[in-house]
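This briefing goes through one protein structure by topic. Keep the sequence and the 3D view open while reading.

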Amino acid sequence: MPLLRVSLWSGRTKEQKAALAKALTDTMVEVAKVPPQSVTIQIEELPKENWASGGQLHSELFKE
């Protein structure tokens with residue numbers, strides 16, 4: 001059964017993560033033709049300083 005892993009910067013609300021889980025599940029049901037209860041989603045939140053692109057930390061590239 002499908003396992004979707006999503007990595008995000010820290011800071012999303014519980015409501016945002018619930019909406020994301022619902023949207024991803026609905027998409028898997030529609031596209032992959034699987035029952036919703038078979039879809040598992042893992043959401044991993046990491047601080048920006050634990051991500052890097054092009055040799056630069058995201059905390060430096062994407063300052064708030």
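Of the 64 residues in the protein, 17% are buried. The model is a predicted one. The protein has two helices and four strands, and from the N terminus on the order of these elements is β-α-β-β-β-α.

**Overall dimensions and surface**

- The radius of gyration of the protein is 15 Å, whereas a compact globule of 64 residues would have a value near 11 Å.
- The C-alpha trace spans about 40 × 25 × 15 Å along its principal axes.
- The accessible surface of the protein is about 4,800 Å², and carbon and sulfur atoms account for 56% of that surface.
- Among contacts between residues at least 6 apart in sequence, 61% link residues that are at least 24 apart.

**Strands β1 and β2**

- Strand β1 covers residues 3–9, and one of its faces is covered while the other is uncovered.
- The covered face of β1 holds L4, V6 and L8.
- The uncovered face of β1 holds L3, R5, S7 and W9.
- Strand β2 covers residues 40–46 and pairs with β1 in the parallel sense, over seven bridges.
- L4 has I41 in β2 as its bridge partner, and R5 has Q42 in β2.
- L4 is thus listed on the covered face of β1 and R5 on the uncovered one.

**Helix α1 and the β-α-β unit**

- Helix α1, residues 14–32, joins with β1 and β2 in a right-handed β-α-β unit.
- The 19 residues of α1 reach 26 Å from the first C-alpha to the last.
- That span is close to the 27 Å expected at 1.5 Å a residue.

**The loop between α1 and β2**

- K33 follows α1 and lies in the loop between α1 and β2.
- K33 is not a glycine, yet its phi is positive, at about 60 degrees.
- Is K33 buried or exposed? K33 counts as exposed because its relative accessible area is 66%, and the cut-off for exposed is over 50%.
- P36 is placed in the loop between α1 and β2.
- P36 has a relative accessible area of 47%, so it is partly exposed.
- Not counting residues up to four places away in sequence, P36 touches T25 and V29.
- P36 and T25 are eleven residues apart along the chain, and 6.2 Å separates their C-alpha atoms.

**E45 in strand β2**

- E45 is located in strand β2.
- With a relative accessible area of 28%, E45 is partly exposed.
- Which residues does E45 contact, leaving aside its neighbours within four places in sequence? They are L8, W9, S10, G11, R12 and K17.
- Two of these contacts, L8 and W9, are residues of β1, where L8 is on the covered face and W9 on the uncovered one.
- The C-alpha atoms of E45 and L24 are 17 Å apart, with their positions 21 residues apart along the chain.

**N50 and F62**

- N50 sits in the loop between β2 and β3, and β3 covers residues 52–53.
- Why does N50 count as exposed? The reason is its relative accessibility of 52%, because the exposed class takes values over 50%.
- N50 and W9 are 41 residues apart along the chain, and their C-alpha atoms are separated by 8.9 Å.
- F62 is in the segment after α2, a helix of residues 58–61.
- F62 is partly exposed, because its relative accessible area is 39%, and partly exposed residues fall between the 20% and 50% limits.
- F62 touches W9 and K48, not counting residues up to four places away in sequence.
- W9 therefore appears in the contacts of F62 as well as in those of E45, with the cut-off for contact being heavy atoms within 4.5 Å.
- The C-alpha atoms of F62 and A52, ten residues apart along the chain, are 10 Å from each other.

Note on methods. Residues are numbered from 1 along each chain as its sequence is written. This is a predicted model: local features need pLDDT of at least 70, side-chain atom pairs count only at pLDDT 80 or more; totals for chains, interfaces and linings use all residues. Side-chain values use heavy atoms; hydrogens and water are left out. Buried means under 20% relative accessible area, exposed over 50%, partly exposed in between (1.4 Å probe, protein chains only). Two strands pair if DSSP finds at least two bridges between them. A crossover is right-handed if, with the strands pointing away from the viewer, the path from the first strand over the helix to the second runs clockwise. The expected span of a helix is 1.5 Å times one less than its number of residues. The radius of gyration is taken over C-alpha atoms; the globule rule is 2.2 Å times the number of residues to the power 0.38. Accessible areas come from the Shrake-Rupley method with a 1.4 Å probe; for residues, only the protein chains shown count as cover.
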